[in-house]
Amino acid sequence: MSGLASPAPAPSGVTPVRRTPMSLSRIFQICTAAAADALAAHRLTPMESGVLAYLNRATGQPGIDQNTLAERMGIDRSHVSLLIERLAGMGLVDRQINPENRRAHVLRLTPAGEKLYARSRPTFNAGQQKILDVLRPAERDMLLDLLVRVVEGNRVLARPGAGRRKRSASSTK
């Protein structure tokens, strides 16, 4: 790829990290592992924590429906449905029929959900910050700014199934 510098030599016996977006997507694995470690004591998965983050009163948007939540999280609606079912069963999320669209449910955290969100944030944030500790503060800000720009500039690819090619009518014959 043009414009990508050669990687710095890796320490002896360590495979160098390739400088391509796909290779560097390992950051997702690293972030997910750090989140899982931080949330284990709260008995939450990273995705369940994501639901709490989107629905909490302090920084989220309580009152959105499942389709909107799926879109914001960048995951399939059926996966959100399973997450909501589990969190509702744990007494953390409340679902109410939307009076404006009776086919949709409005989602909010219960008081227990709000408390768990507030308790889990410090360890979650510390786990995420630990990932960035290898960078200087200005580099952390720059990395996050650049990643936001890449994600926002590629929203069309950030939806479930976006990478799959659609089969044309002629290819199915």
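Q: Which residues does proline 62 touch, not counting residues up to four places away in sequence?
A: In this predicted model, proline 62 touches Tyr54, Leu55, Asn56, Arg57, Leu107 and Arg108. Proline 62 sits in the loop between helix 3 and helix 4. Its C-alpha atom is separated by 9.5 Å from that of leucine 52, ten residues away along the chain.

Q: Why is proline 62 called partly exposed?
A: The relative accessibility of proline 62 is 33%. Buried would need a value under 20%, and exposed a value over 50%. Proline 62, at 33%, therefore falls in between and counts as partly exposed.

Q: What makes threonine 110 count as buried?
A: Threonine 110 has a relative accessibility of 16%. The cut-off for buried is under 20%, so threonine 110 meets it. This residue belongs to the loop between strand 2 and helix 6. Leaving aside residues up to four places away in sequence, threonine 110 touches Gly91, Leu92, Val93 and Asp94.

Q: Why is arginine 43 called exposed?
A: Its relative accessible area is 69%. Exposed means over 50%, so arginine 43 qualifies. Arginine 43 is placed in the loop between helix 2 (26-39) and helix 3 (46-55).

Q: What is the phi of arginine 43?
A: Phi is near 60° at arginine 43, a positive value in a residue other than glycine. A positive phi also appears at glycine 91, just after helix 5, where the angle is about 80°.

Q: How do you know that the buried residues of helix 5 lie on the same side?
A: The buried residues are Val80, Leu83, Ile84 and Leu87. They cover an arc of only 100° around the axis, and therefore they are on the same side of helix 5. The face turned away from this buried side carries the exposed residues Leu82 and Gly89.

Q: What covers the buried residues of helix 5?
A: The cover includes helix 3, helix 4 (66-73), strand 1 (93-98) and strand 2 (101-109).

Q: How does the span of helix 5 compare with what is expected at 1.5 Å a residue?
A: Helix 5 (residues 77-89) has 13 residues and reaches 18 Å from its first C-alpha to its last. The expected span is 1.5 Å times one less than the number of residues, which here comes to 18 Å, and the value for helix 5 is close to that.

Q: What makes the buried residues of helix 4 line one face?
A: In helix 4 the buried residues are Gln66, Leu69, Ala70 and Met73. Viewed down the helix axis, they fall within an arc of 100°, so they line one face of helix 4. These buried residues pack against helix 3, helix 5, strand 1 and strand 2.

Q: Why is methionine 90 called partly exposed?
A: Methionine 90 has a relative accessibility of 33%. That value is not under 20% and not over 50%, so methionine 90 is neither buried nor exposed but partly exposed. Methionine 90 lies in the loop between helix 5 and strand 1. In space, methionine 90 and alanine 112 are 9.2 Å apart, C-alpha to C-alpha, with their positions 22 residues apart in sequence.

Q: Why does alanine 36 count as partly exposed?
A: Its relative accessible area is 31%. This lies between the limit for buried, under 20%, and that for exposed, over 50%, and therefore alanine 36 is partly exposed. Alanine 36 is part of helix 2. Its C-alpha is 9.6 Å from that of serine 49, 13 residues apart in sequence.

Q: At what angle do helix 2 and helix 6 (residues 111-132) pack?
A: The angle is about 145°, and the axes are 8 Å apart. Helix 2 passes helix 6 in a right-handed crossing. Helix 2 contributes Ile27, Ile30, Cys31, Ala34, Ala35, Ala38 and Leu39 to the contact, and helix 6 contributes Ser120, Thr123, Phe124, Gly127, Gln128 and Ile131.

Q: How do the residues of the contact of helix 2 with helix 6 divide into nonpolar, polar and charged?
A: Nine are nonpolar, four are polar and no residue is charged.

Q: What pattern does the protein chain follow along the sequence?
A: The pattern reads α-α-α-α-α-β-β-α-α, and the secondary structure comes to seven helices and two strands. Of the 173 residues in the chain, 26% are buried.

Key
Residues are numbered from 1 along each chain as its sequence is written. This is a predicted model: local features need pLDDT of at least 70, side-chain atom pairs count only at pLDDT 80 or more; totals for chains, interfaces and linings use all residues. Side-chain values use heavy atoms; hydrogens and water are left out. Helices (H or I, at least four residues) and strands (E, at least two) are DSSP runs, numbered from the N terminus. Buried means under 20% relative accessible area, exposed over 50%, partly exposed in between (1.4 Å probe, protein chains only). Axes are lines fitted to C-alpha atoms, for helices over the stretch in contact, and angles run from 0 to 180 degrees between N-to-C directions. A crossing is left-handed if the near helix is turned anticlockwise from the far one by less than a right angle, and right-handed if clockwise. Contact means heavy atoms within 4.5 Å. Ala, Val, Leu, Ile, Met, Phe, Trp, Tyr, Cys and Pro count as nonpolar, Asp, Glu, Lys and Arg as charged, and the others, Gly among them, as polar. The arc is that of the directions from the helix axis to the C-beta atoms.
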